[in-house]
Amino acid sequence: GSACCSAMKKRGLECVVFEKHERAGGLWVDNYYGATVQLPKFMYEYPEIRFGKEVGTFPSMTEVCDYVDNFNAMQEIQSCFRFRTMVKKAVKESDSVWALHVEDMETGACTVEKFSWLVVCTGMFSSKPKMIEFQGSESFKGTIIHSSEYRSASIFNEKKVVVIGSGKSGIDAAKTASMIADEVVHVCRTRMWSMPKKVGPLPLAPVFLSRFGSLLLPPYYLDSGPVQILHTLFRPLKLVVALLMEVIMLIQLNVPYSAWPNIRLAEEALRSNTTMLDGKYLEAVRNGKVQVRKHQVEEIKPSSVKLSDGTDAEADVIVLATGWEHGFQELFETDIAEKVVMEKDGLYIYKNILPPDIDRLAFVGSNIAALTAPLTVTIQSVWLAQLIAGHRMKPTIAEMRGDVEKLKANRRRYWPFEECRGAVVQGHMFGYCDDLLNDMSVSTKRGGFINWLEYLFKPNLPTFWKDIVQEAHVARKL
């Protein structure tokens with residue numbers, strides 16, 4: 001919301017941001033105990049502003065919110081925010097008018113406000129946890145909570161804890177519980193890789209989080225025919241490099257056998273929940289404080305969890321780290337909701353921003369999973385602001401549908417199945433951002449041999465994009 005509002009303001013557009021919390025920051029305002037950014041702070045910044053030196057490597061919830069406040073002050077957009085308000089319903093009254101039913105959460109009063117565009121900036125995670133109902137859940141005598149719900153570690157004190165789910169919140173819950181619980185079992189059907197700062201002697205960022213590093217992935221959906229052929233020809237070499245990286249990382253991180261990933265590293269790079277651990281989780285696994293069980297849950301019994309290998313894990317507390325529901329479809333009436341089709345593997349829309357069949361509706365940061373999220377949503381916002389301001393022509397419906405079908409075919413050919421596969425960019429962030437900037441007539445290539453090397457090897461860190469983003473803010477094709 002902040003990035004989008006800033007981009008709109010720079011184009012001279014009026015913007016209102018409705019925020020249900022008392023300050024900016026979304027889920028960072030109110031999240032589970034001990035939640036931190038899953039990537040180092042230098043990967044989780046807007047291009048325009050850095051985290052302070054006093055902030056640790058993995059910023060806390062409060063530090064993220066303070067950072068967003070500083071960004072809003074720098075961009076002079078604080079007055080655009082309406083805090084403690086919630087959009088309950090969005091109605092398309094005409095081709096050019098959205099009527100939003102807005103509730104004041106302090107007074108309960110509801111008003112209708114009209115706008116020419118609606119931009120959904122609710123992020124990939126809604127406020128509606130995905131609560132999976134396992135067989136026998138109703139018979140459990142202890143406590144079952146979603147990973148987003150605990151606000152104190154005391155719930156784990158001297159308890160037997162079972163954490164279900166391999167994502168960031170599951171890792172955090174297992175790590176937190178291991179400090180005070182009697183026993184912690186981490187059930188993760190898919191054990192993910194832990195990304196170190198270096199792979200052997202090579203720093204992770206310039207070698208692997210760069211355009212050069214993206215060559216190890218399957219082709220991007222907009223790659224030309226010759227580039228796709230090269231990807232096919234070099235596929236054996238890419239597999240060898242990935243396997244070598246796996247061996248180095250397992251040795252380097254001293255990963256216990258029970259916690260060895262059960263998917264390939266190349267597949268991990270195409271998933272939505274890549275994380276970089278701070279080491280405390282693996283230490284807890286090595287010390288036996290966290291038992292990793294790579295199985296599925298078959299049944300929940302009154303005082304235990306039965307796993308697919310036939311064993312039981314005793315439990316007083318069960319933490320469901322099972323993700324979130326997409327909440328935005330509930331905003332719309334049936335005629336609009338039917339055009340925002342959530343397929344079995346996610347929402348497929350033009351550039352992950354525009355639904356082809358609904359005019360004046362956009363999604364920024366709500367349908368994209370990328371390693372450097374603030375940078376990605378900044379470029380999305382600038383791209384959208386240029387379009388709304390009339391500084392670039394909007395593609396035809398046929399052009400947008402064609403692009404979506406091309407993206408869908410690429411995802412379903414190369415990328416592992418996920419319920420949000422349509423939103424995942426991750427290692428192809430360079431291709432995605434380059435594409436948006438190219439639409440705005442902004443080139444990320446600069447002349448000269450040194451600049452060419454930088455183009456290939458400069459890591460995908462937000463501060464390196466500062467000048468390019470500033471150029472994009474003023475770029476126009478009309």
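This text walks through a predicted model, from its helices to its sheets and nonpolar cores.

Start near the N terminus of the numbering, with a helix pair. Helix α1 covers residues 2-10, and helix α2 covers residues 61-75. Two packed helices are described by the angle between their axes and the distance between the axes. Here the angle is about 5 degrees, and the axes of α1 and α2 are 10 Å apart. Angles under 35 degrees count as roughly parallel, so α1 and α2 are roughly parallel to each other. On the α1 side, the contact is made by Ser2, Ala3, Ser6, Lys9 and Lys10. On the α2 side, Val68, Phe71, Asn72 and Gln75 take part.

Ala3 leads on to another helix. Ala3 is in contact with Thr378, a residue of helix α11, which spans residues 373-388. Is Thr378 buried or exposed? Its relative accessible area is 4%. Buried means under 20%, so Thr378 is buried. Leaving aside neighbours within four places in sequence, Thr378 also touches Tyr46, Pro47, Glu48 and Val469. The side chain of Thr378 has a polar atom 2.7 Å from the backbone oxygen of Pro374.

Stay with α11 and turn to the nonpolar cores. The largest of these has 94 residues. Which of its residues touch the most other members? They are Leu354, Ile379, Leu384 and Trp465. Helix α11 gives the most to this core, with eight residues. Another core lies apart from it and has 18 residues. Leu100, Leu118, Phe332 and Leu347 are among them.

Leu384 deserves a closer look. Its contacts, leaving aside neighbours within four places in sequence, include Leu354, itself listed with Leu384 among the residues that touch the most other core members. Ile353, Ala362 and Val364 are also in contact with Leu384. So are Met8, Trp117 and Val119. Met8 falls within the residue range of α1.

Now the sheets. Strands of a sheet pair through backbone hydrogen bonds, either parallel or antiparallel. One open sheet has three strands in the order β3-β4-β5, and the pairing is antiparallel. Its edge strands are β3 (85-94) and β5 (110-115), each pairing on one side only. From one strand to the next, the twist averages 25 degrees. Strand β4 covers residues 97-104 and is joined to β3 by eight bridges. Ser94 stands opposite Val97 in β4.

A further open sheet is also built from three antiparallel strands, in the order β13-β14-β15. The edges are β13 (297-301) and β15 (312-314), and each of them pairs on one side only. The twist here averages 20 degrees from one strand to the next. Four bridges join β13 to β14, which covers residues 304-307. Lys301 has Ser304 of β14 as its bridge partner.

One last stop is helix α9, residues 280-286, where Glu283 lies. Glu283 has a relative accessible area of 43%. Values over 50% would make a residue exposed and values under 20% buried, so Glu283 is partly exposed. Asn262 is 21 residues from Glu283 along the chain. The C-alpha atoms of Glu283 and Asn262 are separated by 19 Å.

Key
Residues numbered from 1 in each chain as written. Predicted model: local features only at pLDDT ≥ 70, side-chain atom pairs only at ≥ 80, totals over all residues. Heavy atoms only, no water. Helix = DSSP H or I, 4+ residues; strand = E, 2+ residues; numbered from the N terminus. Buried < 20%, exposed > 50% of the residue type's maximum accessible area, 1.4 Å probe, protein only. Polar contact = N/O pair within 3.5 Å; in protein donor to acceptor, adjacent residues only side chain to side chain. Contact = heavy atoms within 4.5 Å. Pairing = 2+ DSSP bridges. Axes fitted to C-alpha atoms, helices over the stretch in contact; angles between N-to-C directions. Core = buried A, V, L, I, M, F, W, Y, C linked by side-chain atoms within 4.5 Å. Parallel < 35°, antiparallel > 145°, perpendicular 65-115°, else oblique.
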